[in-house]
Amino acid sequence: MPASDAIKAPETLWLKAQYGGTIFLSAFLLFQVQPVMGKMILPWYGGAASVWTTCLLFFQSMLLLGYIYTHFLVRRLSPRPQAVLHIALLALAVAMLPISPNLTWKPLGNYSPSLHLLGVLALSVGLPYFVLSTTGPLVQVWFSRERPGTLPYRLFALSNVGSMIGLLSYPFAIEPVSSISEQSSGWSFGFIFFALLCGSLAWRGSKRASLASNAVQPQHPSAPPSLMTQLTWVFLAACPSLLLVSLTSHLTRDVAPIPMLWIAPLTIYLLSFSISFDHRRWYKRIVFAPLLIIAVVAVCYLAAVDFGDLDIKIVVSAYLLAFFVFSMVCHGELARLAPPTDHLTTFYLLIAGGGTLGGLFVAILAPQVFSGDYEFQIGVVLTIAVASVVYAYDRQRGAMRYVKYPRTLILLTGMCAAIGSGYIFVSSEMQRRNDTLLASRNFYGSLRVDHDGSENDLKVTLMHGVIVHGAQFVDPDRLHWPTTYYGESSGIGITLNYFNKRLPVVRVGVIGLGAGTLASYGRTGDQYRFYEINPAVQGIAHSYFSFLRDSHAAVNLVSGDARLSLEREAPQRFDVLAIDAFSGDSIPMHLLTREAFREYIRHMAPGGVLAVHASNQYLNLAPIVMMAANEFGMKARIVTSEANEDQGVDAADWVLVTANPHFLSNPDVKGVARTIYVPSGTQTWTDDFSSILPILL
């Protein structure tokens with residue numbers, strides 16, 4: 001090896017380490033801040049799953065703005081002004097640290113949750129995230145200037161690896177051992193270190209003005225991408241983005257409401273990006289074109305069958321494998337169509353634009369247009385159509401060597417597959433809706449009112465995904481029976497009957513309205529106060545169920561997040577306060593913290609009982625309730641009741657918390673209440689710390 005090459009080798013290695021390390025750290029911080037900020041503001045919006053969807057839309061939009069900035073910076077400014085402007089932006093972002101939403105921004109009264117949430121995110125973390133979002137394409141351009149002729153797309157693959165590690169490390173390594181304030185501080189220190197790295201690279205690039213000039217204005221520039229090529233980039237980026245958000249919602253709501261299942265689709269999404277842009281050898285049409293057909297067939301089959309007939313692990317695995325194929329096809333084609341470096345920023349700008357379009361469709365447009373959740377099916381049909389067009393009209397003839405058929409046949413086959421799968425999706429949905437009385441959707445999710453059961457025991461049932469939120473018999477003789485989780489043998493049923501026998505007037509608070517079933521326990525003179533954040537639920541409870549209007553008690557409804565409402569109210573002196581917001585995939589952790597229990601106790605009458613509905617297939621919530629009860633010197637017992645189909649009652653777990661010894665010693669309670677086992681490592685949840693890992697079943 002010549003001496004000059006021997007000297008250059010360590011320099012080249014150090015150069016790659018600088019650029020690679022900066023891109024890796026920026027991507028890591030990008031995906032660490034998302035769950036940190038989401039967890040900070042999730043309690044303000046009732047713990048709704050849509051908060052994560054809206055957060056994802058915000059971060060996709062900021063990514064697009066960052067790419068627009070990069071495109072302008074590279075195309076319009078010379079190296080020295082580029083460096084000065086970007087270093088100033090880095091310094092301004094550092095000045096906004098640490099990241100934390102101001103408590104005065106909590107939502108009050110009537111507001112648009114999506115718009116309010118986007119505003120809070122913009123004010124809290126907008127500028128630091130914007131700066132991070134510029135790093136990927138900008139640093140790749142700087143690297144290309146220092147190494148002319150080198151394609152920097154492996155750095156893009158590296159950024160997706162950093163994103164994936166940032167994503168996976170949060171729930172398993174960061175959240176279980178640190179509080180939110182510690183996470184905010186740690187992320188802020190990481191950002192400062194990133195700012196120093198990025199600033200040094202910016203200054204280094206400005207000192208190599210001649211190389212930068214050659215990269216920005218090459219002597220032999222390549223032809224600009226055509227409009228058709230640019231539209232192809234947008235659609236190839238939009239399809240997996242649309243599928244990512246919609247599949248996450250579909251899996252965690254309609255298939256298996258498993259906590260942290262949202263990690264799997266996003267990991268697959270990032271993994272497909274990393275594989276596709278690492279090297280073109282990983283994506284082969286001869287492999288993925290047949291797999292695309294198999295994936296479409298599998299998804300159509302799942303749409304046409306009842307999940308109850310299949311192992312849930314098989315269903316989830318099939319969806320995730322199909323999504324991997326869809327993502328690999330789209331991202332693999334994007335990698336094949338990647339332009340030379342002089343059009344690098346345009347390429348990334350349009351990819352970000354496509355991703356944002358997918359997020360906008362799911363988070364903003366779909367809830368306004370559709371009464372049900374159809375985005376995933378639309379994404380599948382769109383992916384087939386886009387892939388067919390790309391396969392048929394690919395101008396890189398060499399890449400078509402595995403396709404022996406005319407492009408018209410390819411396009412026709414793909415369009416037939418898209419139309420056929422669309423027909424299956426529509427017919428399957430129509431069949432499911434034969435017994436549906438109402439389908440409603442808003443920011444807080446999709447609701448459905450169904451006729452359920454045979455002629456003799458027909459019920460009207462309120463569903464949120466696969467979760468039952470209330471049911472009422474149609475038969476007049478059973479119209480007022482407390483059903484589902486609220487039967488007389490349940491923990492809440494035993495508690496209400498205990499006070500009904502001993503007090504002339506009972507004051508009851510309920511967090512979570514559902515169908516209003518608990519109002520059936522009300523007597524003349526009793527007062528029942530329901531707290532409900534979803535206005536659609538309130539309308540359904542009044543229109544399709546009669547528990548509220550037939551109750552003998554005085555019933556009041558309070559709109560908005562229960563905890564925020566309780567914080568603003570004077571003490572209500574509830575004899576019974578029922579916390580019923582835990583049946584589903586989105587666990588409102590802010591209702592189980594030490595601070596929340598302090599608020600509950602402030603509103604309870606002496607000798608009152610706090611009843612927490614803890615039924616859950618995947619989380620053991622009882623220990624968390626018991627830990628919080630111990631903080632205030634109260635006892636906690638769990639009551640597990642069995643299902644009774646004839647009475648329309650489901651199995652249920654209720655944790656009863658009280659300082660009233662007479663209640664716990666009562667035979668009706670003592671005979672069914674059990675002590676709660678607390679697994680090792682379980683800690684009291686606070687507004688600053690919570691982790692579901694120790695309580696996963």
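Reader: Buried means under 20% relative accessible area, exposed means over 50%, and partly exposed lies in between (1.4 Å probe, protein chains only). What percentage of the 697 residues in the protein chain is buried?

Author: This is a predicted model, in which local features need pLDDT of at least 70 and side-chain atom pairs count only at pLDDT 80 or more, while totals for chains, interfaces and linings use all residues. Residues are numbered from 1 along each chain as its sequence is written, and side-chain values use heavy atoms, with hydrogens and water left out. Of the 697 residues in the protein chain, the buried share is 57%.

Reader: How many helices and strands does the protein chain have?

Author: Both kinds of element are DSSP runs numbered from the N terminus, helices being H or I over at least four residues and strands E over at least two. Counted in this way, the protein chain has 22 helices and 12 strands.

Reader: What share of the contacts with a separation of 6 or more joins residues 24 or more positions apart?

Author: A contact requires heavy atoms within 4.5 Å. Among the contacts in the protein chain with a separation of 6 or more, the share from residues 24 or more positions apart is 77%.

Reader: Which strands stand at the edges of the open sheet?

Author: Four strands form this sheet in the order 1-2-3-4, with antiparallel pairing (a pair needs at least two DSSP bridges). Each edge strand has a single partner, so one of its sides is left without a neighbour in the sheet. These are strand 1 (436-442) and strand 4 (467-473).

Reader: Which residue of strand 4 stands opposite histidine 464?

Author: Strand 3, residues 459-464, is joined to strand 4 in the antiparallel sense by six bridges. Opposite histidine 464, strand 4 places isoleucine 467.

Reader: Is strand 5 largely enclosed or open, and which residue of strand 8 is the bridge partner of isoleucine 511?

Author: Strand 5 (residues 507-511) has four of its five residues buried, so the rest of the structure largely encloses it. Five bridges join strand 5 in parallel to strand 6 (residues 527-532), where phenylalanine 530 stands opposite valine 510. A further parallel pairing, over four bridges, links strand 5 to strand 8 (residues 574-579). There, the bridge partner of isoleucine 511 is isoleucine 579.

Reader: How are helix 3 and helix 4 oriented to each other?

Author: The axes, lines fitted to C-alpha atoms over the stretch in contact, take angles from 0 to 180 degrees between N-to-C directions. Those of helix 3 (residues 79-95) and helix 4 (residues 113-146) come within 10 Å and cross at roughly 150 degrees. This angle makes the two helices roughly antiparallel (over 145 degrees).

Reader: Which residues of helix 13 meet helix 10?

Author: The axes of helix 10 (residues 285-304) and helix 13 (residues 375-392) come within 12 Å and cross at roughly 155 degrees. The two helices are therefore roughly antiparallel to each other. From helix 10, Arg285, Ala289, Leu292, Val296 and Val299 take part, and they meet Phe376, Val380, Ile384, Ala387, Val390 and Tyr391.

Reader: What distance separates the C-alpha atoms of alanine 264 and leucine 320?

Author: Alanine 264 belongs to helix 9, which spans residues 263-278. With a relative accessible area of 24%, alanine 264 is partly exposed. Leucine 320 lies 56 residues from alanine 264 along the chain, and their C-alpha atoms are separated by 7.6 Å.

Definitions and conventions
Angles under 35 degrees count as roughly parallel, over 145 as roughly antiparallel, 65 to 115 as roughly perpendicular and the rest as oblique.
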